[in-house]
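I opened the file to look up a few things about strands, a loop residue and open space. My notes are below, in the order I took them.

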Amino acid sequence: MVVRPRPGKPTQGILQWAGQAFPCALGRGGIRAVKRESDGATPLGPMRLLHGYFRAGPSRALSAAALSSPLPFRAIRADDGWCDAPGDRNYNRKVTLPYSASSETMRRADRLYDCVIVLDYNIRPRRRGMGSAIFFHIAREGFAPTEGCVAVSPRVMARLLPHLSRRTVLTVLR
């Protein structure tokens, strides 16, 4: 999968896969080669897909698609969080809420994490302050900017899920 910025819209992109093109949202800080925590930028370069989470429930259409994906998925629990505190030993890792350091709730009130895939950006090795919680997830209406992630519509995510595996690489280009 290749992502390029949309001409004239640095916070939106075009995701290309299998000869098709889909709109996507990018970070409010555009695309940057050197990402920093809280800059809102989407990191430039290749990122492997590691594993994912989905919101379980009878009305969650993405649940079935996630469970049929070759990529490992599990349901998001109410106490799932992701640490975004650069000084914490669990920086850029899944944590159990409540957590003493700054962390993001994985079970969000909106639909953004109805299906969320962890990208290998700043995972191994982790560099403090170089960015956390870089995910591939569901976009806001109108493809509003993300905090540095790549986001697509639920329909596109459901279409991609059966083809995604740990060998899949999402490459962000300029």
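The entries cover two hairpins, an open sheet, one residue in a loop and the largest pocket.

Entry 1, the model. I note at the start that this is a predicted model.

Entry 2, the hairpin of E1 and E2. I looked up how strand E1, residues 2-6, and strand E2, residues 9-17, are joined, and found antiparallel pairing over five bridges. Taking Pro5 as a marker, I found its bridge partner in E2 to be Gly13. Two residues sit between the strands of this hairpin, and Gly8 takes a positive phi near 80° there.

Entry 3, the hairpin of E2 and E3. I then followed E2 to strand E3, residues 20-25, and the pairing is antiparallel over six bridges. Gly13 served again as a marker, and its bridge partner in E3 is Cys24. Gly13 is thus listed with Pro5 and with Cys24. This hairpin has two residues between the strands, and Ala18 takes a positive phi near 50°.

Entry 4, the open sheet. I asked in what order the three strands of the open sheet lie. The order is E9-E8-E10, with antiparallel pairing. Strand E9 (94-96) and strand E10 (103-105) are at the edges with a single partner strand each, so each has one side without a neighbour in the sheet. From one strand to the next, the twist averages 45°. For strand E8, residues 80-83, I counted three bridges to E10, in the antiparallel sense. Cys83 has Ser103 of E10 as its bridge partner.

Entry 5, Thr146. I found Thr146 in the loop between strand E12 (135-138) and strand E13 (150-152). Is Thr146 buried or exposed? Its relative accessibility is 3%, and the cut-off for buried is under 20%, so Thr146 counts as buried. I also looked for a partner of its side chain: a polar atom of the Thr146 side chain lies 3.1 Å from the backbone nitrogen of Gly148.

Entry 6, the largest pocket. I looked up its volume, which is about 310 Å³. The lining has 21 residues, and those nearest the centre are Glu104, Ser132, Ala133, Glu147 and Gly148. Gly148 therefore comes up twice in my notes, as a lining residue and in the contact with Thr146. I sorted the lining by residue class and got nine charged, seven polar and five nonpolar residues.

How values were computed. Residues are numbered from 1 along each chain as its sequence is written. This is a predicted model: local features need pLDDT of at least 70, side-chain atom pairs count only at pLDDT 80 or more; totals for chains, interfaces and linings use all residues. Side-chain values use heavy atoms; hydrogens and water are left out. On a 1 Å grid over the protein atoms alone, a cavity is a set of points where a 1.4 Å probe fits but cannot get out, and a pocket is an open set with protein on both sides within 12 Å along at least five of seven lines; lining residues have an atom within 4 Å of a point. Grid points are joined across faces, edges and corners, and a volume is the space filled by probe spheres set on the points. Ala, Val, Leu, Ile, Met, Phe, Trp, Tyr, Cys and Pro count as nonpolar, Asp, Glu, Lys and Arg as charged, and the others, Gly among them, as polar. Two strands pair if DSSP finds at least two bridges between them. Axes are lines fitted to C-alpha atoms, for helices over the stretch in contact, and angles run from 0 to 180 degrees between N-to-C directions. Buried means under 20% relative accessible area, exposed over 50%, partly exposed in between (1.4 Å probe, protein chains only). A polar contact is a pair of N or O atoms within 3.5 Å; within protein, one must be able to donate a hydrogen and the other to accept it, and residues adjacent in sequence count only if both atoms are side-chain atoms.
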